[in-house]
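User: Please take a close look at the empty space enclosed inside this protein, and then say what else can be read from the model.

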Amino acid sequence: MSFMMQVRRRNMHITIVPIHEANDDIIFFEEKSCTEFGKVQLIPKGEELIVYIGIGQDSLTLENIRFLGGISRKSLANAKEDAAVSAEFSLIMNRAENPELGQVISSFMEGWYLAEYQFSSYKRAPKLNQLTMRWEEESLREYDQAARIRANAVNLARDLCNEPANKLTPTTYAERLKQVFRETDVTVQVIDGDELVSNEFAGIHTVAKGSSEPAKLVVLTLDRDASKEKIALVGKGVTFDSGGTNVKTGKDIGEMKMDMGGSAAVAGAMKLLADSDTAANVVAILPLVENLADGNAFLPSDIIRYRNGLHVEVGNTDAEGRLILADGLLYAQLLGAKTIVDIATLTGSIGSALGLKAAGVFSNAESDLWHYKQLGDQTGDYVWPMPVYDDYLHYLKSDCGDVNNMSSSPYGGAITAALFLKQFVEKGIKWVHIDMANTVRPWREQGYYVPGASGFGVRLLFEMVRSELAQSQI
Ligand code: BES
Ligand code: ZN
Ligand code: ZN
């Protein structure tokens, strides 16, 4: 009986040993020309279950390897509880685009753990079997551990997005974040009630007026090295977007429980930064509101005055995301951030532009966009560069305010939304905006993706922060 998972490279051997005596479940990766990438064949052989997984004919990216990790885990869903898992890994190593042992193992295990995710708080679904891998060589444990930390952070974002709006309100969300960060270096501050008004968080206060759920502004701070330039992450946290007075119609409105996906991505990235000991100086700003319409709700044609003196005319109450993000951007600058990344499920238009695989990335530092695209490719959180044409500003013209929150053009809605946000960014500040309305759910439910939210943005934001840190050190 074999308990070995072996990777032979430069005379290295990796061995996974089972925790309990059990039958083996063996994973092989097949290279045969007829074998499709990700195709699974299960072959019971006595007490053993052999799983063949195709690796196709091309070289394997890290995302391909995560995918194989996810497929491997899913194919063992019916294996015995606590079964011993052995895998023949050498084919993956031979074919990896970057055959760096740590990254290959880490990516495979990241996919493995992400595929284990289940959101079953309100379901009597049977729990997934538990397969535990134990690394015999101490030096390899860190790769597995890194994968687990990454997957846990993504799964935190998935959990938050999957929660229905009656369970995740701005109040319970803020409480949850206090809990999540309790034993970490991240401090959690909650601004609410009159403080929102007296501190001029006009957008947040206004959007929340039509809901009986009070708004919360959560500020997460991780200051491990004050000598580093401060980076701000701002995430849209609309726990339900009914559209407000410009009420949404259509059967898919339940999707709008995930209109807090940007804030979930930021929370996940902060968790990853905290758990991975990154020496960063990061502040996360999460405006949490529910966009509903009762007798107190804000109305189309209302005027909102922001702390920078800008007056915004509400052309449409369903363009609420940009109204609360504007407060977030201004606050980030007040706190001294020189680099700001915001992320939001902001427009339906971004999906029309890009489809469902990649979110849109915008910036006032255009030359960095292809670098973010590259980070997206590496992490699996795909983004594609989008323009912020100042020429479109006239679409946001307002009769009685400085700017309208609604474009007068039916075209380029994701770009005019970004342009609106840009009005709240001072010169000299580096600003990046990610519109992830189209990626809050997985673009395909394969590999390590499971039903429900994708957890998009956690890994990308984490790598963006790390990349900013590396650049500022040069
Ligand atoms: N939350 C929506 C955007 C959205 C759409 C997210 C689809 C996820 C899936 C946002 O608040 C919104 O309603 N945007 C409007 C803007 C319009 C009124 C200018 C839109 O995209 O239609
Ligand atoms: Zn909306
Ligand atoms: Zn929204």
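Analyst: The largest cavity holds about 50 Å³ of space. This is a predicted model, and the figures here are computed from it. In the whole structure there are three cavities of 30 Å³ or more. Rolling a probe the size of a water molecule over the atoms shows where empty space is left.

The lining of the largest cavity can be read along the sequence. Leu-356 and Lys-357 belong to it, as do Gly-380, Asp-381 and Tyr-382. Further along, Thr-439, Arg-441, Pro-442 and Trp-443 take part, and Tyr-449, Ser-454 and Phe-456 complete the list. By class, six of these lining residues are nonpolar, three are polar and three are charged.

The site of ligand 1 can be described in a similar way. Around ligand 1 there are 16 residues, and the closest are Asp-241, Lys-248, Asp-259, Asp-318 and Gly-348. This shell consists of seven charged, five nonpolar and four polar residues.

Three contacts of ligand 1 can be given atom by atom. The side chain of Lys-248 has an N or O atom 2.8 Å from an oxygen atom of ligand 1. In the case of Asp-259, an N or O atom of the side chain is 2.9 Å from a nitrogen atom of the ligand. Gly-348 takes part through its backbone: a polar backbone atom there is 2.8 Å from an oxygen atom of ligand 1. Taken alone, ligand 1 exposes 520 Å², and the protein buries 76% of that.

Last come the cysteines. A search of the whole structure for disulfides finds zero. Is Cys-161 buried or exposed? Cys-161 has a relative accessible area of 3%, so it counts as buried, the cut-off being under 20%. Cys-400 has a relative accessible area of 54% and therefore counts as exposed, since that term applies over 50%.

Note on methods. Residues are numbered from 1 along each chain as its sequence is written. Chains are lettered from A and ligands numbered from 1 in the order in which they are written. This is a predicted model: local features need pLDDT of at least 70, side-chain atom pairs count only at pLDDT 80 or more; totals for chains, interfaces and linings use all residues. Side-chain values use heavy atoms; hydrogens and water are left out. On a 1 Å grid over the protein atoms alone, a cavity is a set of points where a 1.4 Å probe fits but cannot get out, and a pocket is an open set with protein on both sides within 12 Å along at least five of seven lines; lining residues have an atom within 4 Å of a point. Grid points are joined across faces, edges and corners, and a volume is the space filled by probe spheres set on the points. Ala, Val, Leu, Ile, Met, Phe, Trp, Tyr, Cys and Pro count as nonpolar, Asp, Glu, Lys and Arg as charged, and the others, Gly among them, as polar. A disulfide is a pair of cysteine sulfur atoms within 2.5 Å. Buried means under 20% relative accessible area, exposed over 50%, partly exposed in between (1.4 Å probe, protein chains only). A residue is near a molecule or strand if one of its heavy atoms lies within 4 Å of it. A polar contact is a pair of N or O atoms within 3.5 Å; within protein, one must be able to donate a hydrogen and the other to accept it, and residues adjacent in sequence count only if both atoms are side-chain atoms. Accessible areas come from the Shrake-Rupley method with a 1.4 Å probe; for residues, only the protein chains shown count as cover.
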